[in-house]
Amino acid sequence: MKTYLLTILSLAGLSLTTYAQKPVRQLRAIRTDLNIKIDGDLNDEAWKSAEVATDFTELRPAPGRKEAPGQQTEVRVLYDNTAIYVAAYMHEANPDSIAREIVPRDQVGNADFFGVVFDPYLDKINGNGFFITAAGSQFDAKYSQVGGEDDNWDAVWFSNVKINNDGWSAEFRIPYSALRFSSKDIQTWGVNFIRKRFKTQQQSFWNPLDPTQNGFINQGGELTNIQNIESPLRLSVSPYISSYVNNYPYNLPGVKNTTGTFNGGMDIKYGINQSFTLDMTLVPDFGQVQSDRQVLNLSPFEVQYNENRQFFTEGTELFSKGNLFYSRRVGSNPAYFNNLALQPGETVIEAPTEGKLLNATKVSGRTAKGLGIGVFNAVTNRMNAIVRDAQGNERLVENQPLTNYNIVVFDQSLKNNSSVSFINTNVLRQGSAYDANVSAVQFDVSDKKNIWNIKGTGRVSNLSGNVLTPGQTGYSYDLKFGKQSGKFVYNYLQVLTDTKYNDNDLSIMNERNFFNNSVFAEMNLYKGKHFNEFHTYMQVRYSQRLKPMTYQSFGIYNGLYVQFKNLWSINANTELRPSSNDFYEARNGSIYKDLSQWSAGVEINSNHTKRYSVGVYSYYGESRRFNGNGFDVGFYQNLRISNKFKIGNDVSYSPDYNSAGWAGKSGNQVIFSRFDRHTIENSLDANYTFNTRMGITLVARHYWSSRKNKDFYNLQADGSLAPTTTTIANADRNLNTFNIDMVYKWQFSPGSEFSIAWKDASFVSATQAHPGYRQNLDEILNSPQNNSLSFKVLYYLDYLQLKKKQPSR
């Protein structure tokens, strides 16, 4: 998966932020007028004029070690008026040791790889990475101080590899349209070259990286002598058409079991100038994205699901400033629904839980003086519920208004790789529904040596009122100070949110009215007789309710991670929490006095470079309330059958006994219960890759979780529980879900794709716990299945390529 790059480039303990200035290595880029054939063979005449970058330094498993004889890496860089070219030769004493699993684009797999990361503005904060595996699979990513690694960023570029008798070689052609850079006549870019030998897990860099220092992009070298290049007109359109056939056995008169739809839309990218790009999606289709991993939620808080829609995951690092953007609010999980005005005798037949996205637009970039600007806008359509009266008459009632979502960001880079930002989010709804506005100022300042850092964010929210609901304004801030580099790092964090602060309309917010303080310390070692890495941490956290000021919770958290010389690893942690005051579990702000609890766990992972790898984990915890206890055990395994085919399996079992939690209300009385909960999750994934442009992925998941209540209790005014004969009907829970996602993708030309997706989904939610995993598995497999088959064609059209193809007059 592309996410594997984060472990490669953020690297154990290395964040993607800043590092002190130090002498860096330099490489001169050479202009060429000769033709270069991108075939992986480095015999083109042009390469003979290029300077050579070599003498790579290992980051892991042995930081500081130079490449061994017979395993050196050589890199050359050329450029012309249209693109920058990179050639790399990875020497290998034994070519059989080159790992080259074949995976589709944007995956790493079990393969050696080479990559280059450019920092065109030399701001030591932002970068673009281009990588290729020894099997020829491309992957790319964008890097930033706030967004970390954006592995959903995709560019159109060209590459090839060749396996030789003494290693393997790679060639890149990266058009200037894939990069943003200044208009200066003479430029120096930040650059680093990366090589990984998969079977030994050796990761080496041209400009050395210090794992005890904070930062990645800022630890790069420099690419000099780039002269008289211009950013081309960056304009591309990607129209798509898609068709869906859906089947669900309603078996009702007048209701079709099988339906079909046909869709069309377009994505547009336009380079406004050399620094800023407009991205727009018109009538998008996200029907083929990965299904959500639904869970039984017994908490008072909303479940935060992953964002799988590419438009909302690519190039959004600026919009992540201030932690004010939860992209699933736009369409997938809106925060607001109208109260349906039902007439006597009417019932709701269908009520949409998602909004229809009409269009979305992003404008983002950074000036030569380091000012980053981002503007986001999206519109979701009015959605209607269907209600029916006693006579069978149906009518539409609005349950979501037409809604406009906006974000504006200004992010100024400062000296010492620091920054200050302003962020504003705004949600406007048609009609009488309230509107929401949140503004924030964020700063991040490091000293010249990048040892000390202070950062913070101040936020103000405002909800407009209407005839039924008054408006409200609230505030929130967080402030963090500490030592961020060296073997020992530590920090102090303070977070405050008042009673009226609310950013939930375009973010996700579970708690308010709190004042939290915490201290954190960590030790990181990268050289040892028996280990490659050793990390251990401790955190102490104290939480108070803000108004009225009172104790909420206290916790001590410890953990460690060790990777041994044989590439096995172990993870362990403990957690101790004395008695606490919970103001959320009762759902109405009442206090619930939770008694002390503790937990401990361990996870062991085998060497994942082997054809077969496995991991196991076990966690156990106890609570003084009802002498409750529970554990979580899990097992995963991955088998690489060939360089084209691999499968994986994850199984977990989590029983909890004598837990305490909210069950419901009887009049004004809040009722808790003592209950047992059992959860089993079993998932299977398989990948077959025909070549680097074509493959099939399969993900199947069964999830079952149940809650069985034993006794009921009244929540007292002092937060204690008192036994009661009152029961809550339908307070038991049983959630049973099964999903299959199978997708075939063929990238038939750069940026263009044909895909076929089959989805099978079944969902059974009951208010009575069903004992036994086998019974629940049989139930879900025999329940009605929703089957969907879809076809989608997306075609990439680039203005410059079309212009070249036009016949001369």
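**Note on a nonpolar surface patch, an open sheet and a buried glutamine**

1. Strand 23 (403-414), strand 24 (418-429), strand 25 (436-446), strand 26 (452-463) and strand 27 (472-483) each contribute at least two residues to a nonpolar patch. The model in which this patch is found is a predicted one. The patch lies on the surface and covers about 960 Å². Its members are Phe 410, Leu 414, Val 420, Phe 422, Val 441, Phe 443, Val 445, Trp 452, Ile 454, Leu 479, Phe 481 and Tyr 490.

2. Which strand gives the most to the nonpolar patch? Strand 25 does, with three residues. Phe 443 is located in strand 25. The relative accessible area of Phe 443 is 31%, so this residue is classed as partly exposed, given that the class lies between the 20% limit for buried and the 50% limit for exposed.

3. A separate point concerns an open sheet of five strands, which has mixed pairing and the order 2-4-5-11-10. Its edges are strand 2 (30-31) and strand 10 (158-164), each of which pairs on one side only. Strand 10 is joined to strand 11 (residues 167-175) by seven bridges in the antiparallel sense. Opposite Ser 169 of strand 11 stands Lys 162.

4. The last point concerns Gln 552, in strand 31 (residues 550-564). Gln 552 counts as buried because its relative accessible area is 6%, where the limit is under 20%. Its side chain forms a polar contact of 2.8 Å with the side chain of Ser 543. Leaving aside residues up to four places away in sequence, Gln 552 touches several residues, including Asn 513, Phe 514, Arg 545, Phe 583 and Tyr 584.

Terms used:
Residues numbered from 1 in each chain as written. Predicted model: local features only at pLDDT ≥ 70, side-chain atom pairs only at ≥ 80, totals over all residues. Heavy atoms only, no water. Patch = residues over 30% accessible without salt bridge, like charges linked within 9 Å, V, L, I, M, F, W, Y side chains within 5 Å. Areas by Shrake-Rupley, 256 points an atom, 1.4 Å probe, with all protein chains shown as cover. Salt bridge = Lys/Arg side-chain N within 4 Å of Asp/Glu carboxyl O. Helix = DSSP H or I, 4+ residues; strand = E, 2+ residues; numbered from the N terminus. Buried < 20%, exposed > 50% of the residue type's maximum accessible area, 1.4 Å probe, protein only. Pairing = 2+ DSSP bridges. Polar contact = N/O pair within 3.5 Å; in protein donor to acceptor, adjacent residues only side chain to side chain. Contact = heavy atoms within 4.5 Å.
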